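Here are some exercises to work through at your own pace, each with a worked solution. Have a look at the structure first, then try each task before reading on.

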2 protein chains.
Amino acid sequence: MSATLVELVRTQGLATTNDLCDATGMGRTVVAQRIGHLLEVGLLARRGKGRSTGGRAPRELRFHHEAATVFGVEVGVTSVMVGLTSLDGAPLEVREDAWSVTRGPEETLARIEAMMREILAARPDAPPLAGIGVGLPCPVEFASGRPVSPPILSGWDDYPVREWLASRFGVGVWVDNEVNAMALGELRAGTARGLDDFIYVKVGTGIGAGLVSAGRLHRGAQGCAGDIAHLCIDPASTRQCRCGKTGCLQTFASGNALGRTATRLAKSGESRPLARRLAEAGEVTAADVSAAAAQGDPVCLDLLSTAGERLGEALTSLINIFNPALVVVGGGVSMAGDLLLPSLRKVVYERSLPLATRDLRVALSEHADRAGVVGAALTAVEELLGPAHLDELTTLLTGKAS
Amino acid sequence: MSATLVELVRTQGLATTNDLCDATGMGRTVVAQRIGHLLEVGLLARRGKGRSTGGRAPRELRFHHEAATVFGVEVGVTSVMVGLTSLDGAPLEVREDAWSVTRGPEETLARIEAMMREILAARPDAPPLAGIGVGLPCPVEFASGRPVSPPILSGWDDYPVREWLASRFGVGVWVDNEVNAMALGELRAGTARGLDDFIYVKVGTGIGAGLVSAGRLHRGAQGCAGDIAHLCIDPASTRQCRCGKTGCLQTFASGNALGRTATRLAKSGESRPLARRLAEAGEVTAADVSAAAAQGDPVCLDLLSTAGERLGEALTSLINIFNPALVVVGGGVSMAGDLLLPSLRKVVYERSLPLATRDLRVALSEHADRAGVVGAALTAVEELLGPAHLDELTTLLTGKAS
């Protein structure tokens with residue numbers, strides 16, 4: 001009940017006792033009492049005055065996101081990023097390290113713990129730490145917080161990530177697939193704020209989608225919903241995917257795929273800037289493709305345009321099936337947004353069903369490289385403020401249960 | 001609040017005041033008071049005795065689905081079916097007419113009204129009529145109850161179906177896409193009962209899917225989620241689809257597509273039973289293919305097996321994206337279940353991601369040709385028992401508001 005009130009203020013912007021009574025169907029006395037408690041605890045605050053209704057003007061409520069902090073952790077394949085954020089996901093302090101996730105969960109979590117302790121030491125005046133959210137680059141069983149059959153992360157399968165961190169920091173820990181976390185970040189603090197149905201697509205080293213249905217993450221039965229990397233977009237293709245099949249989206253449009261094609265184009269000399277980069281750095285990556293394309297290299301422009309088309313083909317299926325109001329594109333490759341999106345949009349609007357694209361928007365994420373940290377932090381906030389955990393949070397904030 | 005209690009008893013099977021207090025977090029006094037009112041109104045009933053907890057044994061609650069009736073209406077492309085059902089969707093009385101939906105909404109609704117009046121006259125002793133649910137073979141804006149840009153149903157676009165029926169029967173009317181209604185029927189009274197995430201696939205004259213996420217229908221931003229008919233499953237195909245594109249699932253595995261191929265096989269004499277049928281009846285349909293296949297005709301067996309494979313290819317995308325726990329297959333073509341499902345399953349389990357198929361079941365609908373009526377009726381029940389309409393229902397049942 002208190003959780004419902006906090007949710008309505010935080011996500012719907014309801015700001016008066018009257019509105020909250022209307023929305024919940026609860027009596028005024030009970031609602032006022034709960035609001036009083038939430039104000040006392042510090043999860044709600046008053047802001048200025050609301051419109052007068054004749055008598056005393058009610059003072060509007062807002063969610064008091066400064067009441068506590070959470071950690072958001074993004075475990076990437078080649079880096080880890082840790083951020084301490086307010087309850088609105090806004091980072092107060094961030095650390096990033098180059099890191100190989102293949103070093104396994106214990107070494108990785110130990111590194112993360114060290115980064116967290118550094119951050120806490122740097123911000124002794126921060127509000128109390130209330131929880132930790134973690135995004136992993138693999139399917140996760142959300143209820144247990146454990147990785148499930150990660151295809152590339154040996155050693156992580158079924159590892160108790162939640163328990164490891166909870167035992168060290170004494171707060172609630174929630175673990176999800178990083179793309180789901182990023183989708184939640186867009187829903188609560190990004191381009192998708194207030195939308196019911198949208199899709200977040202991450203185009204980075206790998207490719208994945210997070211689906212939001214009726215304002216809630218659709219995780220699926222095994223927590224692997226949104227795995228679009230292996231949609232077959234070209235049955236005639238002979239490109240072999242790591243999954244054992246051919247024609248997967250992943251083999252055409254991921255950062256990995258772009259890097260491989262770029263290496264070939266560098267070696268053959270078809271792209272001069274890539275050849276130069278290869279000679280200088282010893283390797284070329286998707287980021288080099290974006291950089292060269294931004295400088296006008298026609299080969300790299302073409303490469304990004306083709307990747308956008310391939311993404312568009314996969315998104316066409318996704319859009320016909322899910323009928324989102326918005327597709328948010330994020331991840332490393334999306335940093336080449338203006339070079340990638342036109343061809344992607346062209347295919348989507350040409351090939352999807354007219355009704356599904358009537359009001360569809362395709363936009364870039366505004367979170368850039370913070371998307372993982374913000375999303376992971378907000379994953380923890382979502383749970384902390386939910387009916388199952390709000391009591392723990394209020395206890396933490398006041399030293400007594402509601 | 002009362003709506004939550006009814007939902008918990010009806011869909012979760014919670015049966016005691018204690019369980020309801022635990023599930024809602026509400027105090028015992030309030031819960032007992034609301035239960036008392038719902039018993040009085042007749043939406044809940046007592047059944048036998050629960051386990052004793054030392055003192056007086058609490059008598060278990062159940063949803064009293066006999067309290068009222070609703071109409072479920074399925075408007076197909078070539079028929080209409082109307083059923084009067086209890087609040088659990090079980091039909092008390094059903095009428096079906098051959099009918100062409102192209103006659104437009106007014107003639108069609110007048111026919112439906114006549115069928116309803118016949119049914120009411122035949123069942124003068126039935127509990128009071130509380131609502132009407134309608135399934136249409138096109139996208140529907142659920143909030144307004146109006147068809148949206150139906151690709152084939154000229155005259156139906158934006159027609160006020162809800163208002164037309166509501167003005168004649170004086171009860172609430174809800175209109176949805178028929179496949180969504182069928183999915184809801186499976187969730188509340190079918191193979192998918194109690195599941196959080198599943199997909200219903202109708203393979204009839206056309207093809208469509210209904211998606212259920214976290215126990216709720218995912219309708220999408222324009223109400224056209226689950227439109228899998230136009231997923232491109234063969235970019236190299238030259239089969240022209242009505243939508244203007246080629247390679248659509250619809251051109252391979254729908255009843256229409258089967259009928260067309262069957263006609264060709266009949267004319268060429270490749271299938272003897274089909275040729276015989278064409279000579280006798282002047283046409284051959286998907287049903288003739290099923291019948292001939294059931295008699296062992298190898299050409300028709302092959303045709304159904306190929307259709308199953310094509311469906312499997314489309315479902316592979318759907319399963320990778322949505323990660324359901326169950327796929328329920330229904331619709332006319334699915335009546336050939338044992339001839340269609342093996343090849344469908346083979347492709348799904350071979351090509352979908354291992355994690356997504358780890359616990360996946362693929363099953364036939366048990367509702368057979370009643371799926372549309374049951375689903376439409378339960379669409380109305382779902383709304384009638386929801387927070388927005390429960391008061392109207394209790395007023396109807398008692399003559400006074402709660």
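**Exercise 1.** Does A:A368 count as buried, partly exposed or exposed?

Before the solution, some ground rules. This is a predicted model, where local features need pLDDT of at least 70 and side-chain atom pairs count only at pLDDT 80 or more, while totals for chains, interfaces and linings use all residues. Residues are numbered from 1 along each chain as its sequence is written, chains are lettered from A and ligands numbered from 1 in the order in which they are written, and side-chain values use heavy atoms, with hydrogens and water left out.

*Solution.*
- Step 1: get the cut-offs. Buried means under 20% relative accessible area, exposed means over 50%, and partly exposed is in between (1.4 Å probe, protein chains only).
- Step 2: look up the value. A:A368 has 39% relative accessibility, so it counts as partly exposed.
- Step 3: place the residue. A:A368 sits in the loop between β14 (361–364) and α14 (371–384) of chain A. Helices (H or I, at least four residues) and strands (E, at least two) are DSSP runs, numbered from the N terminus.
- Step 4: go from A:A368 to A:R146. The two are 222 residues apart in sequence, and their C-alpha atoms are 27 Å apart in space.

**Exercise 2.** Describe chain A as a whole.

*Solution.*
- Step 1: count the elements. Chain A has 15 helices and 14 strands.
- Step 2: check the packing. With a radius of gyration of 23 Å, close to the 21 Å from the globule rule for 402 residues, chain A is as compact as a globular protein of that length. Here the radius is taken over C-alpha atoms, and the rule is 2.2 Å times the number of residues to the power 0.38.
- Step 3: add the dimensions. The C-alpha trace of chain A spans about 75 × 50 × 40 Å along its principal axes.
- Step 4: look at burial. Of the 402 residues in chain A, 57% count as buried.

**Exercise 3.** Follow the salt bridge of A:R123 and find what it ties together.

*Solution.*
- Step 1: recall the rule. A salt bridge is a side-chain nitrogen of Lys or Arg within 4 Å of a carboxyl oxygen of Asp or Glu. The count by this rule is 42 over all chains.
- Step 2: find the partner. The side chain of A:R123 meets that of A:E93 at 3.3 Å, N to O.
- Step 3: locate both ends. A:R123 is in the loop between α4 (105–122) and β6 (129–136) of chain A and A:E93 is in strand β5 (residues 91–98) of chain A, so the pair ties together parts that are 30 residues apart in sequence.
- Step 4: check the surroundings. A:R123 is partly exposed at 27% relative accessible area. A network of salt bridges links A:E93, A:R95, A:D97, A:R111, A:E118 and A:R123.

**Exercise 4.** Set two salt bridges of chain B side by side: B:R277 with B:D288, and B:K346 with B:E350.

*Solution.*
- Step 1: take B:R277 and B:D288, whose side chains meet at 3.0 Å, N to O. This pair links distant parts of the chain: B:R277 in helix α9 (residues 272–281) and B:D288 in helix α10 (residues 286–294), 11 residues apart.
- Step 2: check their exposure. B:R277 is partly exposed at 36% relative accessibility, whereas B:D288 is buried at 13%.
- Step 3: turn to B:K346 and B:E350, which meet at 3.3 Å, N to O. Both lie in helix α12 (residues 337–351) of chain B, four residues apart, about one turn of the helix.
- Step 4: check these two as well. B:K346 is exposed at 54% relative accessibility, and B:E350 is partly exposed at 47%.

**Exercise 5.** Where does B:N323 lie, and what is its phi?

*Solution.*
- Step 1: start with the background. Most residues other than glycine have a negative phi.
- Step 2: read the angle. B:N323 is not a glycine, yet has a positive phi of about 50 degrees.
- Step 3: place the residue. B:N323 is in the loop between α11 (298–322) and β13 (326–330) of chain B, and is buried with a relative accessible area of 0%.
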